[in-house]
Amino acid sequence: MKKLLFFALCLLLTVPLLAGCGKAGADKTSDASAASDSTAEDPDIVYKKPADVAGIDQTAEDPSNEVLTFSYDKEGRVTGCSYALDGHQIAIVYTYNDEENTVQLTAFSDDIVAALEEYDLPGAFDAARGFTEYKGYYFRGYNFQK
């Protein structure tokens, strides 16, 4: 039920993005790094990246916990992450482009786009690789370590 509600929330929050409202900045990269400083460009938007909010058990099949909740596609890739931060609901939608082997991350703080980032994915998806953190976001099935 939680996953269904999260999916509905993600769909509802995608409408403002498609309408062109909100604030966004893009960053396409394939460099590995630890969790970075993660504040939105607009100081009035409350947003921090998931790894800056809570750690997860990266060995778990589904590391959702009392702070972070994840959703997945049929292949097992992370398609969403949600959490509360300072009274605001944060929802991150992961959109994969298999042709270009990239992922676009759209983060919403309530109904405002707080971040829009794109990253190159390091090779093919393999669920056996488990979870990893990359630039403050959590992924499953990709090895960003070089």
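The following conversation introduces a predicted model and its main structural features.

Colleague: What kind of model is this, and how are residues numbered?

Modeller: This is a predicted model, in which local features need pLDDT of at least 70, side-chain atom pairs count only at pLDDT 80 or more, and totals for chains, interfaces and linings use all residues. Residues are numbered from 1 along each chain as its sequence is written, and side-chain values use heavy atoms, with hydrogens and water left out.

Colleague: How many helices and strands are there in the protein chain?

Modeller: The protein chain has 2 helices and 8 strands. Helices (H or I, at least four residues) and strands (E, at least two) are DSSP runs, numbered from the N terminus. In sequence order the pattern is α-β-α-β-β-β-β-β-β-β.

Colleague: What share of the residues counts as buried?

Modeller: Of the 146 residues of the protein chain, 41% are buried. Buried means under 20% relative accessible area, exposed over 50%, and partly exposed in between, with a 1.4 Å probe and protein chains only.

Colleague: Which residues have the most contacts inside the largest nonpolar core?

Modeller: They are Tyr47, Ile92, Tyr94, Tyr137 and Phe139, in a core of 28 residues. At least two residues of this core come from each of strand 3, strand 4, strand 5, strand 6, strand 7 (131–134) and strand 8. A nonpolar core is a set of buried Ala, Val, Leu, Ile, Met, Phe, Trp, Tyr and Cys residues joined through side-chain atoms within 4.5 Å. In soluble globular proteins, nonpolar side chains tend to be buried together.

Colleague: Where is Tyr47 found?

Modeller: Tyr47 is in the loop between strand 1 (28–29) and helix 2 (50–53). Tyr47 has a relative accessible area of 5%, so Tyr47 is buried.

Colleague: Which side chain joins that of Tyr47 in a polar contact?

Modeller: The side chain of Tyr137 does, at 2.8 Å. A polar contact is a pair of N or O atoms within 3.5 Å; within protein, one must be able to donate a hydrogen and the other to accept it, and residues adjacent in sequence count only if both atoms are side-chain atoms. In addition, the C-alpha atoms of Tyr47 and Ala84 are separated by 9.7 Å, with the two residues 37 apart along the chain.

Colleague: Turning to charges, how many salt bridges are found in the whole structure?

Modeller: The search finds 5 salt bridges, each being a side-chain nitrogen of Lys or Arg within 4 Å of a carboxyl oxygen of Asp or Glu. One of them joins the side chains of Glu117 and Lys49 at 3.5 Å, N to O. Glu117 lies in strand 6 (residues 112–120) and Lys49 in the loop between strand 1 and helix 2, so this pair ties together parts 68 residues apart in sequence. Both Glu117 and Lys49 are buried.

Colleague: And what about Glu61 and Arg140?

Modeller: Glu61 and Arg140 form a salt bridge, with their closest N and O atoms 2.7 Å apart. Glu61 is in the loop between helix 2 and strand 2 (69–72) and Arg140 is in strand 8 (residues 137–140), so the pair ties together parts that are 79 residues apart in sequence. Glu61 is exposed, with a relative accessible area of 58%, whereas Arg140 is buried at 9%.

Colleague: Which residues are linked in a network of salt bridges?

Modeller: Asp73, Glu75, Arg77 and Asp98 form that network. Within it, the closest N and O atoms of Arg77 and Asp98 are 2.8 Å apart. Arg77 is buried, at 10%, and Asp98 is exposed, at 58%.

Colleague: How do strand 5 and strand 6 pair?

Modeller: They pair in the antiparallel sense over 8 bridges; two strands pair if DSSP finds at least two bridges between them. Phe108 stands opposite Val113 in strand 6. The two strands form a hairpin with 2 residues between them, and Asp110 in the turn has a positive phi of about 60 degrees.

Colleague: Why would a positive phi be worth mentioning?

Modeller: Because most residues other than glycine have a negative phi. Asp86 also has a positive phi, near 50 degrees. Asp86 sits in the loop between strand 3 (78–85) and strand 4 (88–97) and is exposed, with a relative accessible area of 67%. For Asn101, phi is near 55 degrees; Asn101 lies in the loop between strand 4 and strand 5 (102–109) and is partly exposed, at 27%.
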